[in-house]
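Got your viewer open? Let's take a walk through this protein, one selection at a time.

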Amino acid sequence: HPDHRGFEIVAREDFSDVTYLLEVHHPQMAKAARAGQFVIVMLHEHGERIPLTIADFDRQKGTITLVIQAVGKTTREMQQVCRVGTHLLALTGPMGEPSHIGGQRHVVCVGGGLGVAPIFPQARAYKESGATVVAVVGFRSKDLVFWEDKFRACCDEVIVCTDDGSAGLKGNVTTGLRQALDADPEIDEVVAIGPPVMMKACAEVTRPRNIKTVVSLNPIMVDGTGMCGGCRVKIGTGIKFACVDGPDFDAHQVDFDDLMVRLKRFSETEKAALARWEE
Ligand code: FES
């Protein structure tokens, strides 16, 4: 059981000015977590609830790992105050449907930017299920590359892409994805996690090739229980809630344009909240 302060942060690593990793002690969560799930974090009593995909879990150490981008009020505040030995007040989950892993033979796992972290447990789980796994991980530049060694340790091949060509292939992840697909006609599933525009681009690469593609959506989540409707996404002709029906969906069915409009509207509200906090 956690003490009254919450769940202790046992490790922190900064990948860049805005991206940081927190490893949090929570043995029950570590035991229950499966690839594709997320948690809802509350920093302190008056803090907002923020959903974060589980980037790793270690059942032996009893920890879960979160990789966070300081883009909003809470994530920036956390960047300042979360140190080893401090605590997160609340950590709820694991939430969402675990990814459907098993039965696939040749898989490409694509992670772009911050999406590189949550694609990791998926790549590992596919590998553990017996699939051949190629990881395609994309970053803006060499300085921002993280976890390449972790991927190399559990994947059959790792293709690093950078926008400026300072490491690996020059170009975004679709360049790496195309290369992986051309090299292996047996690929039967692609999983992509990253910004909506990136996931959309991956879906357009695999659609004409008829390869099943799964994306993990990260819309605005508030309660994470299917009650608030904040995480509504258009899938095919229907409406789904990412927090309970997802976060994984068939990429070829997702209305990414609708998702991007909703996220943009949200970021304006978020900017206002950030300005208030920084006053
Ligand atoms: Fe509220 Fe999904 S987060 S319905």
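Start by selecting strand β6, residues 63–69. Six of the seven residues of β6 are buried, so the strand is largely enclosed by the rest of the structure. Keep in mind as you click around that this is a predicted model.

**Stop 1: the partners of β6**

Keep β6 coloured and add strand β2, residues 19–25. The two strands run antiparallel, and seven bridges join them. If you'd like one pair to zoom in on, pick Y20, which stands opposite I68 in β6. Strands in a sheet pair through backbone hydrogen bonds, either parallel or antiparallel, so switch on the backbone atoms while you're here.

Now select β5, residues 56–58. β5 also pairs with β6 in the antiparallel sense, this time over three bridges. Here the pair to look at is D58 and T63, with D58 standing opposite T63 in β6. β5 and β6 make a hairpin with four residues between the strands. Click on G62 in that hairpin: G62 takes a positive phi near 70 degrees.

**Stop 2: an annotated site on β6**

Select V67, I68 and Q69. An unreviewed UniProt entry lists these three under "binding site".

Take I68 on its own first. I68 sits in strand β6. Is I68 buried or exposed? I68 counts as buried because it has 23 C-beta neighbours inside 10 Å, and the cut-off for buried is 20 or more. Leaving out residues up to four places away in sequence, I68 touches Y20, L22, L52, T75 and M78. You've met Y20 already, as the residue opposite I68.

Next, click on Q69, which is also placed in β6. Q69 counts as partly exposed because it has 17 C-beta neighbours inside 10 Å. Setting aside neighbours within four places in sequence, Q69 is in contact with V18, T19, T75 and L114.

**Stop 3: over to L114**

Follow that last contact and select L114. You'll find L114 in the loop between β9 (106–112) and α3 (116–128). L114 counts as buried, because 21 C-beta neighbours lie inside 10 Å. Which residues does L114 touch, leaving aside its neighbours within four places in sequence? They are T19, V67 and Q69. For a distance to try in the viewer, use L114 and L52: they are 62 residues apart in sequence and 11 Å apart in space, C-alpha to C-alpha.

**Stop 4: two domains**

Zoom out and colour by domain. Domain 1 covers 7–95 and domain 2 covers 106–261. Their centres, taken over C-alpha atoms, are separated by 21 Å. The contact between them takes 17 residues from domain 1 and 18 residues from domain 2.

Which strands supply the side of domain 1 that touches domain 2? Select β3 (38–42), β4 (49–53), β5 and β6, since each of them supplies at least two residues. β4 gives the most, with three residues. Try colouring this side by residue class: you should get ten nonpolar, five polar and two charged residues.

**Stop 5: a small sheet**

Hold on to β3 and β4 and add β8, residues 90–95. These three strands form an open sheet in the order β4-β3-β8, with antiparallel pairing. β4 and β8 are the edge strands, each pairing on one side only. On average, neighbouring strands here are turned by 25 degrees against each other, direction ignored.

Look between β3 and β8, and you'll find antiparallel pairing over four bridges. Click on V41 to see the residue opposite, L91 in β8.

**Last stop: three cysteines**

Finish by selecting C228, C231 and C243. UniProt, again in an unreviewed entry, lists them under "binding site". They are spread over 16 residues of sequence but cluster in space, with a largest C-alpha distance of 10.2 Å.

C231 lies in the loop between β14 (213–216) and β15 (232–235). C231 is buried, with 24 other C-beta atoms within 10 Å. C243, meanwhile, is in helix α7 (residues 242–245). C243 is buried too, with 27 other C-beta atoms within 10 Å.

How values were computed:
Residues are numbered from 1 along each chain as its sequence is written. This is a predicted model: local features need pLDDT of at least 70, side-chain atom pairs count only at pLDDT 80 or more; totals for chains, interfaces and linings use all residues. Domain bounds come from an automatic or database domain assignment. Two residues are in contact if their C-beta atoms, placed from the backbone, lie within 7 Å. Ala, Val, Leu, Ile, Met, Phe, Trp, Tyr, Cys and Pro count as nonpolar, Asp, Glu, Lys and Arg as charged, and the others, Gly among them, as polar. Two strands pair if DSSP finds at least two bridges between them. Axes are lines fitted to C-alpha atoms, for helices over the stretch in contact, and angles run from 0 to 180 degrees between N-to-C directions. UniProt positions are given in the numbering used here, feature names are shortened, and annotations may be inferred rather than shown by experiment. A residue is buried if 20 or more other C-beta atoms lie within 10 Å of its own, exposed if 12 or fewer, and partly exposed in between; C-beta atoms are placed from the backbone.
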